[in-house]
Amino acid sequence: MKKITLESLLLWILIGCLALGQLGRVTLTPAIKIYPHDVLIVVWSAYLLVKHASKLFRVKNTVWAFLTKNMWSWLPFVGISVISLVAAQLHSFQLLPLLYLGRIILYFGFASLVLTLSTVTKKQLVSGVLSLGLITFATGLLQLVFIPDTRFLYSLGFDDHYYRMVGTQLDPAFMGALFLIALSAALHSSLLKKHPAFKRGYIGAMLVGIVLTFSRASYLGVVVIALHTIFVEKKRAKKDLLAVCAGFVLLTAIALGIAELSEGEGTNLLRTASISARATSLLATAPTTITAWLIGDGPFYSVVGRDVSSHTTLSLPNQAKVSDSLLVMIFEGWGILGLLSFLYWGYVGVSWLQQTGKQELLQLLLILLVITQFNNTVLQPFVLVSTLLLVSGYVKEYR
């Protein structure tokens, strides 16, 4: 029997925390919330730093050499981020934007430690993400069967949904993003290649999950996978694509037929209410000064003052504090200079992945870049941590 190491145990506890989703959230203040996986990531990171203290100097040199080599791809965006943040803090000090940035830095720092110091393997990391997809699918099915009407979540600050799979994430778009990450991992998994029947069943389950979210952004993510496979992947992958596309179209047709029996607006793929609401929000947050146009109002300053939302005579919690689009959020917080530097950084990254043939990473990045323009999915804690775990597994293989 294979010995279970402490780090492999920590990995599976982390997967469990991610699968718990919003049900594990602890509210410290109306504006500040933490999750069990945040605490675990801090503990695991501290463990790696203490255990491998003698290797930190070498790791620092390796990371610095990589950053220096690619300096002109990331330095413009980081530089503008610092300028924008300092300017905003000097004008009006706010703790919440610093906490948002700190959490993102924590997640990326943890991924770097997993990549450079951890003993967990690529197989374990990919298996963890695949398992998360299955658990998410199972909990989503349970919710859809026993609690199909989740409109009561509106009183807790979440969007209200009817006959849509929201699972433990309490949001169909984030559920769809986790399914897409797991689907991409399954399509490239060497482990699942050894078990073709299970692979087909797994891919089918992820497609069913995506369809039942009725998230149009998630549907678009499947299209991204299809287009990437058609134009980039090898011939063997294209054979699998036909079955994936056929299954997705069939499942979507069945789901839409069932949705006709529902009175929920969310199952109508032609709905326009969400588009109108986002357009109104975008117009309301347009910059009003030259400084705001150039460097924005400050990274994550958009979250300040969005603890509650008004509905008739009630003041309800507000869980959606950032813009629905990543690019719009960057424009608000970083300005036009920040947006241009971010787009340049993304262009360099996509070009490099394409030139070096790292198709698993490229497909994952393209999926997230597309769907996050509609729901700002990539910065959602569970999606971001799951993505970084999968990326760490892929990079471990390349190293």
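**A bent helix 14, a nonpolar patch and a buried phenylalanine**

Helix 14 is kinked by about 130°, with the centre at Trp334. The bend is the angle between axes fitted to the seven residues ending at a position and the seven starting there. Helices are DSSP runs (H or I, at least four residues), numbered from the N terminus. The model is predicted: local features require pLDDT of at least 70, side-chain atom pairs count only at pLDDT 80 or more, and totals for chains, interfaces and linings use all residues. Residues are numbered from 1 along each chain as its sequence is written, and side-chain values use heavy atoms, without hydrogens and water.

Helix 14 spans residues 326–356, 31 in number. Its end C-alpha atoms are only 26 Å apart, whereas a straight helix would reach 45 Å at 1.5 Å a residue. That expected span is 1.5 Å times one less than the number of residues. At the start of helix 14, a side-chain oxygen of Ser325 comes to within 3.4 Å of the backbone nitrogen of Leu327. Just after the helix, Gly357 adopts a positive phi of about 75°.

Leu220, Val223, Leu227, Ile230, Phe231 and Phe374 make a nonpolar surface patch of about 550 Å². Helix 10 (residues 216–231) gives the most, with five residues. Phe374 belongs to helix 15 (residues 359–375). Phe374 is partly exposed, because its relative accessibility is 36% (buried is under 20%, exposed over 50%, partly exposed in between; 1.4 Å probe, protein chains only).

Phe179 lies in helix 7 (residues 172–188). Phe179 is buried, at 0% relative accessible area. Phe179 and Thr136 are 43 residues apart in sequence, but 7.9 Å apart C-alpha to C-alpha.

Key. Helices (H or I, at least four residues) and strands (E, at least two) are DSSP runs, numbered from the N terminus. A polar contact is a pair of N or O atoms within 3.5 Å; within protein, one must be able to donate a hydrogen and the other to accept it, and residues adjacent in sequence count only if both atoms are side-chain atoms. Patches are made of residues with over 30% relative accessible area and no salt bridge: like charges are joined within 9 Å, nonpolar side chains (Val, Leu, Ile, Met, Phe, Trp, Tyr) within 5 Å. Accessible areas come from the Shrake-Rupley method with a 1.4 Å probe; for residues, only the protein chains shown count as cover. A salt bridge is a side-chain nitrogen of Lys or Arg within 4 Å of a carboxyl oxygen of Asp or Glu.
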